[in-house]
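Reader: I should like to learn how burial, ring contacts, strand pairing and pockets are read from a model. Please take me through them in turn.

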Amino acid sequence: MTTFLYKAAGEIRGDDILPLNDLRVHYPDLYERHFAKYADRPHRVNAPVYPLDCTWADVVFLSPVHPAPIFEAMHESGRIGPVVLKYWTLDADLLDPARTCILLKRHDPEQRPQPPEDFIPYSADAAAALATPSEKALHRLRNLNATEPLYPWADIPHILHRGPIPKRLFRTSIGTAVVS
């Protein structure tokens with residue numbers, strides 16, 4: 001059975017999905033839009049990704065977890081309304097393990113930087129083992145109060161790929177899930 005990884009759909013220019021540092025060079029307007037997500041924690045983009053010998057801004061982020069249960073939990077909290085999720089899927093076997101790692105989110109999401117022991121080697125089997133969100137993560141999202149930051153992926157494992165990923169590798173151009 002194929003293991004899928006998920007990437008939020010968004011505006012892509014060119015033939016590749018680019019990390020933040022590459023966006024800065026090639027598409028400064030897209031860089032500014034994506035960098036805005038870090039407005040309250042700009043130092044985060046310089047955090048080390050130890051196994052790949054690079055920084056947060058040098059990697060493309062994917063999730064081993066389908067987005068629907070994450071956004072359903074936030075909807076249950078009352079913090080978001082119904083939403084149509086748009087995302088791309090990628091066969092986990094297509095990523096080069098030498099350029100990819102997994103970041104477990106076992107520690108405080110505000111911890112800077114994530115400790116080296118939170119990074120583990122990448123394989124499609126390891127990604128498959130992380131495909132179900134933890135009950136702890138879902139509980140946090142279901143119980144968000146009105147002032148907490150949303151950070152839907154704060155305690156969901158991340159698949160980090162150093163450098164661009166060709167768009168042609170994504171098996172489904174856009175999938176959708178309705179959360180209501």
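Author: We begin with a cut-off: a residue is buried under 20% relative accessible area, exposed over 50%, and partly exposed in between. The model to which we apply this is a predicted one. Trp153 has a relative accessible area of 29%, so Trp153 is partly exposed. Phe71, at 17% relative accessibility, counts as buried.

Reader: How many aromatic pairs are there, and how is the pair of Phe71 and Trp153 classed?

Author: There are six aromatic pairs. A pair is classed by the angle between the ring planes, and over 60 degrees counts as edge-to-face. The planes of Phe71 and Trp153 stand at 65°, with ring centres 6.3 Å apart, so this pair is edge-to-face. The pair links distant parts of the chain, 82 residues apart: Phe71 belongs to helix α3, and Trp153 to the loop between α5 (135-142) and β9 (158-162).

Reader: Which charged residue lies over the face of Trp56?

Author: That residue is Arg44, at 3.6 Å from the ring centre of Trp56.

Reader: Which way do the strands that pair with β9 run?

Author: Strand pairing is read from bridges between strands. β5 runs antiparallel to β9 and is joined to it by four bridges; here Val59 stands opposite Arg162. Strand β7 (residues 100-103) is likewise antiparallel to β9, also with four bridges. Ile102 of β7 has Ile159 as its bridge partner in β9, and Thr100 stands opposite His161. β7 also pairs with strand β8 (residues 119-121), in the antiparallel sense, over three bridges. In that pairing, Cys101 has Pro121 as its bridge partner.

Reader: Are the residues of β7 and β9 buried or exposed?

Author: In β9, four of the five residues are buried. In β7, Thr100 and Ile102 point one way, Cys101 and Leu103 point the other way, and all are buried.

Reader: How does one read a pocket, and which residues lie nearest the centre of the largest pocket?

Author: Rolling a probe the size of a water molecule over the atoms shows where empty space is left. The largest pocket has a volume of about 1,300 Å³. Its lining comprises 48 residues, with Lys7, Lys37, Tyr38, Phe61 and Trp153 nearest the centre. The lining divides into 32 nonpolar, five polar and 11 charged residues. Elements that each supply at least two lining residues include β1 (4-8), α2 (28-35), β5 (59-62) and α3 (67-77).

Methods. Residues are numbered from 1 along each chain as its sequence is written. This is a predicted model: local features need pLDDT of at least 70, side-chain atom pairs count only at pLDDT 80 or more; totals for chains, interfaces and linings use all residues. Side-chain values use heavy atoms; hydrogens and water are left out. On a 1 Å grid over the protein atoms alone, a cavity is a set of points where a 1.4 Å probe fits but cannot get out, and a pocket is an open set with protein on both sides within 12 Å along at least five of seven lines; lining residues have an atom within 4 Å of a point. Grid points are joined across faces, edges and corners, and a volume is the space filled by probe spheres set on the points. Ala, Val, Leu, Ile, Met, Phe, Trp, Tyr, Cys and Pro count as nonpolar, Asp, Glu, Lys and Arg as charged, and the others, Gly among them, as polar. Rings of Phe, Tyr and Trp (its six-membered ring) pair if their centres lie within 6.5 Å; planes under 30 degrees apart count as stacked, over 60 as edge-to-face and the rest as tilted. Buried means under 20% relative accessible area, exposed over 50%, partly exposed in between (1.4 Å probe, protein chains only). A charge sits over a ring if NZ of Lys or CZ of Arg is within 6 Å of the ring centre and within 35 degrees of the ring normal. Two strands pair if DSSP finds at least two bridges between them.
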